[in-house]
Amino acid sequence: MTALITVWRDGTAISCGRSCYSAKHKACRCPICGGLNHGKGPEVAAAITRRHLDEWVEAAGEGAEVELDPSVQQDPLFLIGDHPMPDATDEHPLFGLWDEADDWRLSRRSFALLGDLMKRDDLPPLNWTVTKWSVVGEPDTVLSHAAKRHAVQAWADALNLRVREHQCQGYARLSAGGKRAAVNGEVGLSFFVDLYDDEAAR
Ligand SMILES: [Zn+2]
């Protein structure tokens, strides 16, 4: 791997890669990262590129094609080239001009957050639901109440979220939630489990 990101436009390519992230000299104004990846090494530069991807692609302008190294893609849904930005012509009932590119951008943000969460294999495994707006984790239904409780609490503690408990008709709901900063906004992140009274204390 040499280039982390290559942008093709009007038959010419510019890229940010090894000459940028392995640079030893001081001054560098990379045409893509503007110096953010300069001397950072491949892993950190890949993470920086992932974080700034949307704005760099936008800066490349209309009609530009983007090629990403797998270390930047992280997730198959990151294959931007497969989903060219359509024209913003559809009026969204809530957000005005809204198009599929916006939906893809939101999905990519949620999946990037899930990708980060997947690195925490020191925590209990959960079932995950990913939407355009949020990532939700739930313990397996087959677990004991104690194990469900532990799973929600462990994730909440790891992410500095407070666990709340609501007593409802026939069950208690534990939940912890918050927002996580992402490219151009926030993604909702929550954990919850319902502990049913009639499951007895399994
Ligand atoms: Zn660069």
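# Group meeting talk: a bent helix and its surroundings

Let's start in the middle of things: the buried residues of helix α2 pack against β1 (3-9), α1 (18-21), β3 (65-68), α3 (70-73) and α4 (100-117). Before I go further, keep in mind that this is a predicted model.

So who are those buried residues? In α2 they are A45, A46, T49, R50, L53 and V57. Have a look at them on the screen while I talk about the helix itself.

Here's something fun about α2. It covers residues 42-60, and a straight helix of 19 residues would span 27 Å at 1.5 Å a residue. The two end C-alpha atoms of α2, though, span only 22 Å. And where does α2 bend? The bend is at H52, and it comes to about 65°. Once you get past the end of α2, you run into G61, which takes a positive phi of about 90°.

Now compare α4. How far apart are the end C-alpha atoms of α4? They are 26 Å apart, and this agrees with expectation because 18 residues at 1.5 Å a residue should also span 26 Å. The buried residues in α4 are R105, R108, R109, S110, A112 and L113. Remember that α4 is one of the elements the buried residues of α2 pack against.

Okay, on to the sheet next to α2. Helix α2 lies across β1 and β3, and it runs at about 10° to β1. Those two strands belong to an open sheet of 3 strands, in the order β2-β1-β3, with antiparallel pairing. Which strands stand at the edges? They are β2 (12-17) and β3; each has a single partner strand, so one side of each is left without a neighbour in the sheet. On average, neighbouring strands here are turned by 15° against each other, if you ignore direction.

Zoom in on β1 and β2. They pair in the antiparallel sense over 6 bridges. As an example, find I5, which stands opposite C16 in β2.

While we're in β2, let me point at I14, which sits in that strand. Is I14 buried, partly exposed or exposed? It counts as partly exposed, because it has 15 C-beta neighbours inside 10 Å, and the buried class needs 20 or more. Leaving out residues up to four places away in sequence, I14 touches V7, P31 and I32. I14 and C30 are 16 residues apart in sequence, and their C-alpha atoms are 9.3 Å apart in space.

Over on the other edge, strand β3 holds E65. E65 is partly exposed too, with 14 C-beta neighbours inside 10 Å. Which distance separates the C-alpha atoms of E65 and R9? It's 6.6 Å, although the two residues are 56 residues apart along the chain.

Let's jump further along the chain, to a hairpin. It joins β6 to β7 through 3 residues. Strand β6 (residues 127-130) pairs with β7 in the antiparallel sense, over 4 bridges. If you pick T129, its bridge partner in β7 is V136. Strand β7 (residues 134-138) also has two faces: V135 and G137 are on the covered one, while S134, V136 and E138 are on the uncovered one.

One more local stop, N160. You'll find N160 in the loop between α5 and β8 (164-168). Its phi is near 60°, a positive value in a residue other than glycine. N160 is exposed, with 8 other C-beta atoms within 10 Å.

Now let's zoom out. The protein has 5 helices and 10 strands. It has 202 residues, and 21% of them count as buried. Take the contacts with a separation of 6 or more: residues 24 or more positions apart account for 44% of them.

Last topic: how confident is the predictor? The average pLDDT is 81, and 83% of the residues score at least 70. Among the elements, helix α5 (residues 145-158) has the highest mean pLDDT, at 96, and strand β4 (residues 91-92) has the lowest, at 50. Over residues 75-90 the pLDDT is below 50, and this stretch has 23 contacts in the model beyond near neighbours in sequence. Where pLDDT is low, the predicted coordinates should not be read in detail.

That's my tour, thanks for listening!

Definitions and conventions:
Residues numbered from 1 in each chain as written. Predicted model: local features only at pLDDT ≥ 70, side-chain atom pairs only at ≥ 80, totals over all residues. Expected span 1.5 Å × (residues − 1). Bend = angle between axes of the 7 residues up to and from the residue. Buried ≥ 20, exposed ≤ 12 C-beta atoms within 10 Å, placed from the backbone. Contact = placed C-beta atoms within 7 Å. Pairing = 2+ DSSP bridges. Axes fitted to C-alpha atoms, helices over the stretch in contact; angles between N-to-C directions. pLDDT = per-residue confidence, 0-100.
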